[in-house]
Amino acid sequence: MRHVELFAVSTDEVQVCWRGASVVADTTLELRSAGDGRVLDAIEVGAGTDSGSHWFSAGRPAPADRRIAVTIDGALVAASELLPAFAPAPRSKVATISDLHVGETGFGRWPRLHSNRDPAQAHPVFCVRAALAEIECWGPDLLVVKGDLAHDNRREEYELVAPLLAAMSCRVIVQPGNHDGGNHRHGGDMAGVLHRHGVEVIDGLAVIDLPGMRVIVADTMGGGFERGVVDDARRRAIGDAVADAPPSGAALVTLHHHLQPRRLPTFVPLGIPHGTAVDLLDTISDLHPLTLITSGHTHRHRARDHGRTTVTEVGSVKDFPGTWAAYETNGIQLTQVVRRIGDPEVLAWTDRCRVMCATVWGRWAPGRLDDRCLSRSI
């Protein structure tokens, strides 16, 4: 087997992904307790499987020290810890997807990759469809779509994605991205098309209260080209919404544009300028004991802390590694688990995308395990 990766950990499960398995005979992948070597779960990987993914159960009970190991036929390939167990059990679940780019038929530079010349059959559509199927099975209370639904802000692109979102059984709320009318101005009327299909689009700011969690969905459009903006009025509105969140609960803020971590940008696309980002973080960092801000836009995965506030970036559904994010809370603990889409067609496509930018993308986009999967508590 050429490559096996421990991609995600939750409080009681582990996602392992592999590629290149066709070069060897049948192989056993095992999840073990790192302390005593006890096998918690195992799967046989057939010789003809090029790319794959499996969620392993950590067992009941899970290892007391939370340490787990992934082995191939008994040989260690990765080790980590489960996220802290919830006590009491989670009360609310929220899923997010970012940067769908429906209408796109190719991806990247050096080399440029193509999936299908027909936008209705191309990679954004089958990746979004697979992500939504997984989210439906996970059963969230709310799905937030963090912008860039369309690639070129055309009506026909929104007509492709709107029925998929409308078919979800949970509440769905959409915030616009720069491809939905920012630096792409083809007049696609995202809000009009989505509303006609019964899909909710925010108007400036939306606040959704769930048991143990307040979700604040904020519009960051208006910065010109790819850049985002949080002006004084928006900053105060977000701050007021965080301040009014119940103290015995979590505050989850979703943005499209990322908060630039440095004064001088070191990568593209541009996001919310660093000075404005710090103003926002300083405004809310002491307002609530358990706050997480998550964005899309960069198609990568990163996490950092600013005071008591955690800031994350979550990647796109349609290019490597092809992900969506799951948030759970019991009011005193909040977890983020970025899950790689496990559909075989999606895995085959997103693994192809590793080579973009002369293979840099395959190392840049995923981040580290603790950028993707984390737990914060009051």
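Hi everyone, let me start with the aromatic rings: the count comes to three aromatic pairs, where rings of Phe, Tyr and Trp (its six-membered ring) pair if their centres lie within 6.5 Å, and planes under 30 degrees apart count as stacked, over 60 as edge-to-face and the rest as tilted. In one of the pairs, Phe107 and Trp361 have ring centres 6.1 Å apart and planes at 65°, so this pair is edge-to-face. Phe107 sits in strand S9 (residues 106–107) and Trp361 in helix H7 (residues 360–364), so the pair ties together parts that are 254 residues apart in sequence. Helices (H or I, at least four residues) and strands (E, at least two) are DSSP runs here, numbered from the N terminus. Phe107 and Trp361 are both buried, meaning under 20% relative accessible area, while exposed is over 50% and partly exposed is in between (1.4 Å probe, protein chains only).

A quick word on what we are looking at. This is a predicted model, in which local features need pLDDT of at least 70 and side-chain atom pairs count only at pLDDT 80 or more, whereas totals for chains, interfaces and linings use all residues. Residues are numbered from 1 along each chain as its sequence is written, and side-chain values use heavy atoms, with hydrogens and water left out.

Staying with rings, let me turn to the charges. The charged end of Lys93 sits over the ring of Trp138, 4.4 Å from the ring centre. The rule for this is NZ of Lys or CZ of Arg within 6 Å of the ring centre and within 35 degrees of the ring normal. Arg300 does likewise over the face of Phe267, at 4.1 Å from the ring centre.

Trp138 brings us to helix H1. This helix covers residues 123–138, 16 residues in total, and reaches 22 Å from first C-alpha to last, close to the 22 Å expected at 1.5 Å a residue; the expected span is 1.5 Å times one less than the number of residues. Trp138 is buried, and other buried residues of H1 include Phe126, Leu132 and Ile135. After H1 comes Gly139, with a positive phi near 75°.

Now please look at the sheet. What is the order of the strands in the open sheet of four? The order is S4-S3-S6-S7, with antiparallel pairing; two strands pair if DSSP finds at least two bridges between them. S4 (39–45) and S7 stand at the edges with a single partner strand each, so one side of each has no neighbour in the sheet. From one strand to the next, the twist averages 15°, taking axes as lines fitted to C-alpha atoms, for helices over the stretch in contact, and angles from 0 to 180 degrees between N-to-C directions.

Leu31 is a handy place to see the pairing. Its bridge partner in S4 is Asp41, and in S6 the partner is Val70. Six bridges join S3 to S4, and five join S3 (residues 27–33) to S6. The S3 and S4 hairpin has five residues between its strands, with Gly37 in the turn at a positive phi of about 75°.

On the other side, S6 (residues 67–72) and S7 (residues 75–81) are antiparallel over six bridges, and Ile72 has Ala75 as its bridge partner in S7. This hairpin has two residues between the strands, and Asp73 takes a positive phi near 50°. Asp73 counts as exposed, at 52% relative accessibility.

Most residues other than glycine have a negative phi, and most peptide bonds are trans. Besides Asp73, have a look at Thr359, which has a positive phi near 75°. Thr359 lies in the loop between helix H6 (344–352) and H7, and counts as partly exposed at 39% relative accessibility.

Then the prolines. The bond from Val268 to Pro269 is cis, with omega near 5°, and Pro269 is in the loop between strand S16 (250–254) and helix H5 (274–284). Phe320 and Pro321 are also joined by a cis peptide bond, with omega about 5°; Pro321 is in the loop between strands S19 (309–313) and S20 (323–329).

Last, the cysteines. How many disulfides does a search of the whole structure find? Zero, with a disulfide taken as a pair of cysteine sulfur atoms within 2.5 Å. For Cys170, the nearest cysteine sulfur is that of Cys137, 12 Å away, and Cys170 is buried at 13% relative accessible area. For Cys373, the nearest is that of Cys17, 11 Å away; Cys373 is buried too, at 5%.

Thanks, everyone!
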